Amino acid sequence: MVLVMVLAAPGGETCLAALVKAFSECKDALDAGGDVPLREYAAACGRIVPVFQKLGVVFGFASGDLANKVELLKGVCKESGTTAISVSQVILEDVRNGVAEQGGSNARNLHRVTHAVKFIYLLIQNLLNNREESLRESAHKAYLGSVEYYLDRKSKFAVQAGLWLLPDRDGFLRKIGETERSAKSLGEELANVTAPVLDTILNVYKTNEINL
């Protein structure tokens, strides 16, 4: 008998349910105040780390990088002395200081974290929009549309090769505690709450011509 470890968030909810809840808080704050609060955003991004881990070693680089940068962003909240600091405020502060495009800047860290969110958004959408598509195909397209941009040639080659080691579609859904039916419902909810958050944050980079 093969045992499959099901990924559940604290409190017993599945991973996708936890993501919907976390990013709903970000969207609600965005709708109310016109910006995304950094504290809630960093917490929501932290919920993504286990999903990358369930994809296996091929996305190990993203899992470790995301976890590290989430902790750095949480530190920014503490250093600011206020829980009300927003994502755009952090980015624009780096713009004013002329460091937005420098390695290790808060703006750069936020950009990478946001593209990790975009990867999960695209991955779930790809899986749900085509039930005949394999996890490898869905993950490859999501990778090209999100985190691929910041990898060096060696890492890109490793990802391309490692995609063949991904679990099958049904196996991945079981690992994150979902079925095709439950994933479709939660995936649609996740898209509705993450899309406006992604658009708002990435637009700050676009309008301020921050090239990363």
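So, to kick off: where is glutamate 209 found? Glutamate 209 sits in the segment after α10 (180-207); helices here are DSSP runs of H or I with at least four residues, strands are E runs of at least two, and both are numbered from the N terminus. I'll come back to that residue at the end.

Quick housekeeping. This is a predicted model, where local features need pLDDT of at least 70 and side-chain atom pairs count only at pLDDT 80 or more, while totals for chains, interfaces and linings use all residues. Residues are numbered from 1 along each chain as its sequence is written, and side-chain values use heavy atoms, with hydrogens and water left out.

Confidence next. pLDDT is the predictor's confidence in each residue, on a scale from 0 to 100. The protein chain has a mean of 89, and 93% of its residues reach 70 or more. Element by element, helix α5 (residues 87-96) has the highest mean at 96, and helix α8 (residues 153-162) the lowest at 86. Over residues 1-8, though, pLDDT is below 50, and that stretch still has 17 contacts in the model beyond near neighbours in sequence, a contact being heavy atoms within 4.5 Å. Where pLDDT is low, the predicted coordinates should not be read in detail.

On to the aromatics. Searching the whole structure turns up five aromatic pairs. Rings of Phe, Tyr and Trp (its six-membered ring) pair if their centres lie within 6.5 Å; planes under 30 degrees apart are stacked, over 60 edge-to-face, and the rest tilted. One of the five is phenylalanine 52 with phenylalanine 119, stacked at 5.2 Å centre to centre with 25 degrees between the planes. Phenylalanine 52 belongs to helix α3 (residues 49-54) and phenylalanine 119 to helix α6 (residues 106-129), so this pair ties together parts that are 67 residues apart in sequence. Both of these phenylalanines are buried, where buried means under 20% relative accessible area, exposed over 50%, and partly exposed in between (1.4 Å probe, protein chains only).

Add Phe59 and you have one aromatic cluster of Phe52, Phe59 and Phe119. Leaving aside neighbours within four places in sequence, phenylalanine 59 also contacts Ala139, Tyr143, Val159, Leu163 and Leu166, along with Phe52 and Phe119.

That cluster turns up again in the largest nonpolar core, which has 66 residues; Phe23, Tyr41, Phe52, Phe59 and Phe119 touch the most other members. Eleven residues, the largest share of this core, come from α6. By core I mean a set of buried Ala, Val, Leu, Ile, Met, Phe, Trp, Tyr and Cys residues joined through side-chain atoms within 4.5 Å.

Another aromatic pair is tyrosine 149 with tyrosine 150, edge-to-face at 5.2 Å centre to centre and 85 degrees between the planes. Tyrosine 149 is partly exposed at 30%, whereas tyrosine 150 is buried at 16%. Tyrosine 149 is in the loop between α7 and α8, and its side chain makes a polar contact of 2.6 Å with the side chain of histidine 111. For polar contacts, think N or O atoms within 3.5 Å; within protein, one must be able to donate a hydrogen and the other to accept it, and residues adjacent in sequence count only if both atoms are side-chain atoms. Tyrosine 149 also touches Leu212, which is 63 residues away in sequence and 8.7 Å away C-alpha to C-alpha.

Now, which residues does the side chain of arginine 169 reach? It reaches the backbone oxygen of leucine 127 at 2.5 Å, and it makes a polar contact of 2.5 Å with the side chain of glutamate 180. Arginine 169 lies in helix α9 (residues 169-175) and is buried, with a relative accessible area of 9%. Its contacts beyond four places in sequence include Glu133, and serine 138 touches Glu133 too. Serine 138, in helix α7 (residues 135-144), is buried at 0%, and a polar contact of 2.6 Å joins its side chain to that of glutamate 133.

Back to glutamate 209, then. Its phi is near 50 degrees, a positive value in a residue other than glycine. Most residues other than glycine have a negative phi. Glutamate 209 counts as exposed, at 62% relative accessibility.
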